[in-house]
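Visitor: Please give me a close look at the internal spaces of this model, and describe what surrounds them.

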Amino acid sequence: MSSSPAASHDAQQTKKATASGWIGSVLEYYDFFIYATAASLIFPQLFFPSSNPQVAIVASLATYGVGYVARPIGAFFLGHWGDTHGRKQVLVLCMFLMGLSTVAVGLLPTYDQVGLLAPALLVLLRLVQGFAVAGEISGASSMILEHAPVGRRGFFASFALQGVQAGQILAAAVFLPLAHFLPAADFNTWGWRIPFLLSFVVIIVGWKIRREVDETPIFAEEGHAAQVPRAPIVQAVTQSWPNMLRVICMALMNVIPVVTTVFGAAYAVQAGYGIGFDKDVYLWIPVLGNCLAVVVIPMVGNLSDRIGRRLPIMVGAVGAGLLSFGYLYAISIKNVPLAMLMSLLMWGLVYQGYNAVFPSFYPEMFPARTRVSAMAISQNLGTLVTALLPALFAAVAPPGSANIPLTVGAITLAITVLAALAAWSSRETFRIPTKDLGLPDARPLEAAEYERLRLQARQKA
């Protein structure tokens, strides 16, 4: 075990890595969430038979889940790549796969044009999207974390998730003017394609940004010392399986964005449910929540550097689960202002206790030589489970059923409580030196020494 708190950190490299992770997350998750938005709002009418609205809704939401099915496969491949070839290489690869597959969705024919070939191609491209996104957060979080100084890891790593929220804002912001100003016929014919085709910009801009980032010092040191493992996945599972299991359970918190942006959208907008929110009005609900989240995330990340990672995650998990009842109830009574308020509380504020902290907490639970693999695999196995939830929610609470907010809210709360228990059972990591992270005999720094290093890092920044 290293006795040194940390290697010397270049403040400019820390900022550069953070900016790269932030911008990359914006671009990658713009692609991912325009699909989620389209799957809820328009794909049921375009890619599936229109004779049965209930079947079309369930089928469209199931294609959203298909992307998560591909995530564990992508996590195995991309996690291995990140631990053997470097964090930088895996992030560039993720960006190219995501950008090209998203552009291709914008070129697809509809069900009326080619029949069952349309949903088949849609599923195939969604699989590629899911494969690509599997390595993004684990790679970006690891890169930022390994460039950041002790005492500031939570703050800097949180920007990877702030980029995710900004990507969702951008996705909705592109849809909003199109849904509002275009006639419905034009929007359903060609207008929906524009956000997907704009992803070509992702490929160009993302490549230029990520090629400028240096590899992390820790990975470079391991390469020079010939410590890079040949089979990081095997090593991760055999040495870190308890923490991987904890991450799987905590990653179930993805139920909150599922409730907010996927099932909530279908519940509010699709004619089968009879709520009747306008598409452009509903799109403002997650946009406002994400705008608040962009402000809150670095604040919570900074807080986790002061009080630890576990408490914000536990409070955020249980609190968001409880607020899901109010959010779905507001939709059920067709109260747009109340739905927006509940979204701000649940999604924009309370959920960020988890969302802002996991980019530092997850990679801190694993040693550098298996970090990307262990985080990517366990996180994506957890999100895979939540990917099945939109179709499950639509099945157990279909159009015309009673007590939809209670049914879906109860499932949501049970899942968030499980995530909170997983965080409670985990080891606190925020005061452990970076080079010692994930080692069973690692000792946290004394509080006074940690605060000294944290103050020093803040002054350099």
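Guide: Helices here are DSSP runs of H or I with at least four residues, and strands are runs of E with at least two, all numbered from the N terminus. The model is predicted, so that local features need pLDDT of at least 70 and side-chain atom pairs pLDDT 80 or more, while totals for chains, interfaces and linings use all residues. Residues are numbered from 1 along each chain as its sequence is written, and side-chain values use heavy atoms, without hydrogens or water.

The largest pocket (an open set of points on a 1 Å grid over the protein atoms alone, with protein on both sides within 12 Å along at least five of seven lines) holds about 310 Å³ of space. It is lined by 17 residues (each with an atom within 4 Å of a point), and Asn243, Met365, Gly438, Leu439 and Pro440 are the closest to its centre. Helix 14, residues 232-250, provides the largest share of this lining, with five residues. Seven of the lining residues are nonpolar, six polar and four charged. Here Ala, Val, Leu, Ile, Met, Phe, Trp, Tyr, Cys and Pro count as nonpolar, Asp, Glu, Lys and Arg as charged, and the others, Gly among them, as polar.

Turning to the enclosed spaces, the structure contains three cavities of 30 Å³ or more, a cavity being a set of points where a 1.4 Å probe fits but cannot get out. The largest cavity has about 240 Å³ of space, and of its 21 lining residues Tyr29, Leu161, Asn254, Tyr351 and Asn355 lie closest to the centre. At least two residues of this lining come from each of helix 1 (11-41), helix 3 (53-69), helix 9 (153-181), helix 19 (352-355) and helix 21. Helix 9 contributes the most, with four residues. By class, the lining of the largest cavity has 14 nonpolar residues, six polar and one charged.

The second largest cavity has a volume of about 120 Å³. Its lining includes Phe33, Ala36 and Thr37, together with Gln168, Ala171, Ala172, Thr261 and Ala265; Tyr282, Leu283, Pro286 and Asn290 also line this cavity. Helix 1, helix 9, helix 15 (255-269) and helix 16 (279-307) each supply at least two of the lining residues, and helix 16 gives the largest share, four residues. Eight residues of the lining of the second largest cavity are nonpolar and four polar, with no charged residue.

Conventions: Grid points are joined across faces, edges and corners, and a volume is the space filled by probe spheres set on the points.
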